[in-house]
Amino acid sequence: MARLSIVKELWAFMKVRKKFWLAPIILVFLLLGLLVVFAETSAVAPFIYTLF
C-alpha cells in the first residue's frame, strides 16, 4: 500500500507543478532497475550482458 501512495503522491506533484518532463526520466530509471534485477536472478543474464 505504501508504494501505491508514493506513486499517487508523485503523480500529484507532477500534475500540480507541471513537471511532466520527469515522467520519462522516472520510467527509464524503473526499467533499468528491472533490468538489473532480472540480470541478477535469471538464466537470461548472459544475453542481457551482451547488450552492453
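Helix α1 lies largely in the open, since just 1 of its 16 residues is buried (buried is under 20% relative accessible area, exposed over 50%, partly exposed in between, with a 1.4 Å probe and protein chains only). The model is a predicted one, so to speak of local features takes pLDDT of at least 70 and side-chain atom pairs count only at pLDDT 80 or more, while totals for chains, interfaces and linings use all residues. Numbering starts from 1 along each chain as its sequence is written, and side-chain values use heavy atoms, with hydrogens and water left out.

Helix α1 covers residues 2-17, and its end C-alpha atoms sit 22 Å apart, in agreement with the 22 Å expected at 1.5 Å a residue (the rise is multiplied by one less than the number of residues; helices are DSSP runs of H or I, at least four residues, numbered from the N terminus). Right after α1 comes K18, with a positive phi near 55 degrees.

As for aromatics, the structure has 1 pair. W11 and F20 make up this tilted pair, at 5.7 Å centre to centre and 55 degrees between the planes (ring centres must lie within 6.5 Å; planes under 30 degrees apart are stacked, over 60 edge-to-face, the rest tilted). W11 is partly exposed at 47% relative accessible area, and F20 is partly exposed at 41%.

A nonpolar surface patch of about 530 Å² is built from W21, I25, V28, F29 and L32 (patch residues have over 30% relative accessible area and no salt bridge, and nonpolar side chains are joined within 5 Å). Among them, I25 belongs to helix α2, residues 22-41, and is partly exposed at 39%.

Terms used. Phe/Tyr/Trp six-rings, centres within 6.5 Å; stacked < 30°, edge-to-face > 60°. Patch = residues over 30% accessible without salt bridge, like charges linked within 9 Å, V, L, I, M, F, W, Y side chains within 5 Å. Areas by Shrake-Rupley, 256 points an atom, 1.4 Å probe, with all protein chains shown as cover. Salt bridge = Lys/Arg side-chain N within 4 Å of Asp/Glu carboxyl O. Helix = DSSP H or I, 4+ residues; strand = E, 2+ residues; numbered from the N terminus.
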